Amino acid sequence: MPLTSIELTPRIGSEIKLGKADLLTGQYAPNIRALLVERGAIVLRGAHLSDQELRDVARTLGDLRLGAVKRGADGATLHEGEEGVLKVSLDEKVNPDYARFLFGNHLWHMDGTYEETPPFASLFMPYRLSREGGDTMFASNYAAYDDLPDDEKHRLENLTVVHTMEAALFPAKRNCSLEEFAVWQSYPNRSHPLVWHHKSGRKSLVLSTSAAYVEGMHAAESHDLLQRLMVHATQDKYTYRHKWQPGDLAIWDNTGVMHRAMPFEENSVREFHRCTLNGEEAITGADQPVAEPV
Ligand code: OGA
Ligand code: MN
């Protein structure tokens with residue numbers, strides 16, 4: 001049976017119609033993966049999965065990330081969730097390791113840009129919704145790249161961008177303390193090509209708040225370029241905004257889309273449960289440096 005889906009916007013996002021039992025068999029996993037990469041984000045209403053079912057579905061789609069993946073300079077180990085389920089909450093009682101970093105989720109980002117091979121995808125479901133706000137938005141870095149004029153595509157080809165945690169977090173907390181800033185700075189930086197040549201043959205911009213500066217470019221020029229690309233990539237026509245209902249499941253292709261949490265009330269009970277699928281390819285640029293057109 002083919003997978004039934006409808007497009008939520010022309011450029012990004014599809015809703016699939018599938019019963020929970022069919023989802024759990026994994027028989028549709030190849031179709032879901034293909035649709036995910038094609039459409040950037042997938043939602044399923046009324047899935048009502050338990051944590052265990054979320055893990056089970058994740059395992060049909062890829063390599064579920066388990067255990068600790070990051071170590072802070074202070075020696076603290078950050079756990080990517082208990083047995084593969086990360087509790088996404090700003091409440092330190094709910095997630096003692098991560099809550100102090102997750103306010104950064106409010107700005108457009110890709111996950112794991114500090115890793116050579118960022119996660120392929122995440123599966124995300126509401127556990128407790130906020131009273132107000134708290135939608136999640138997705139923006140297609142594939143579509144944003146595709147629509148650039150050819151000469152600009154060419155100019156971006158050979159550029160390399162340094163991604164840092166302080167670049168990602170400072171804009172979301174301008175009144176941070178020096179100590180907080182020092183903790184962010186203690187995490188390793190990572191350079192990535194600005195244009196990702198995916199194994200699938202597609203290309204996308206590697207944009208995220210974590211993109212601090214373009215290597216070898218004047219700071220002012222780099223700032224303006226990254227800011228302009230971010231404004232370009234997050235135009236309404238490249239985005240889908242998901243309004244959550246209990247029981248929803250959303251999956252995003254972290255390699256080709258950015259996402260963000262929209263504002264919600266302070267001290268909210270908002271909590272989502274997330275399974276992360278490990279990356280399957282490092283971010284790679286063009287095989288050969290691309291010559292400037294003469
Ligand atoms: C995340 C994230 C957005 C949200 O879990 O990586 O950015 O809406 N979440 O909570
Ligand atoms: Mn995120």
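Guide: Before we look at any pair of residues, take one term with you: a residue is called buried when its relative accessible area is under 20%, exposed when that area is over 50%, and partly exposed in between. Please also keep in mind that this is a predicted model.

Visitor: With that term in hand, is Glu15 buried or exposed?

Guide: Glu15 has a relative accessible area of 12%, and because this value is under 20%, Glu15 counts as buried. Its partner Lys17, at 45% relative accessibility, is partly exposed.

Visitor: In what kind of contact do the side chains of Glu15 and Lys17 meet?

Guide: The general idea is that side chains of opposite charge can pair when their charged atoms come close. In this structure, Glu15 and Lys17 meet in a salt bridge, with a distance of 3.4 Å from N to O.

Visitor: How many salt bridges does the structure hold?

Guide: There are 18 salt bridges in the structure, and one of them joins the side chains of Arg128 and Glu271 at 2.9 Å, N to O. This pair links distant parts of the chain, since Arg128 belongs to strand E7 (residues 121-128) and Glu271 to strand E17 (residues 271-277), 143 residues apart. Arg128 is partly exposed, with a relative accessible area of 39%, whereas Glu271 is buried, at 3%.

Visitor: Which residue forms a salt bridge with Arg228, and where do the two lie?

Guide: The partner of Arg228 is Glu152, and their closest N and O atoms are 3.1 Å apart. Arg228 lies in helix H8 (residues 219-233) and Glu152 in helix H5 (residues 150-156), so this salt bridge ties together parts that are 76 residues apart in sequence. Arg228 counts as partly exposed at 42% relative accessibility, while Glu152, with a relative accessible area of 7%, is buried.

Visitor: Which residues are linked in a network of salt bridges?

Guide: Such a network of salt bridges links Asp135, Arg241 and Lys243.

Visitor: Let us turn to the metal: which residues are the protein donors of the manganese ion (ligand 2)?

Guide: The manganese ion (ligand 2) has as its protein donors His109 through NE2, Asp111 through OD and His259 through NE2, which lie 2.1 to 2.2 Å from the ion. Along the chain, these donors follow the spacing H-x1-D-x147-H.

Visitor: Are His109 and Asp111 buried or exposed?

Guide: His109 and Asp111 are both buried, which brings us back to the term with which we began.

Key
Residues are numbered from 1 along each chain as its sequence is written. Chains are lettered from A and ligands numbered from 1 in the order in which they are written. This is a predicted model: local features need pLDDT of at least 70, side-chain atom pairs count only at pLDDT 80 or more; totals for chains, interfaces and linings use all residues. Side-chain values use heavy atoms; hydrogens and water are left out. A salt bridge is a side-chain nitrogen of Lys or Arg within 4 Å of a carboxyl oxygen of Asp or Glu. Buried means under 20% relative accessible area, exposed over 50%, partly exposed in between (1.4 Å probe, protein chains only). Helices (H or I, at least four residues) and strands (E, at least two) are DSSP runs, numbered from the N terminus. Donors are N, O and S atoms within 2.8 Å of the metal (3.2 Å for Na, K and Ca); water is not among the atoms, so sites may look incomplete.
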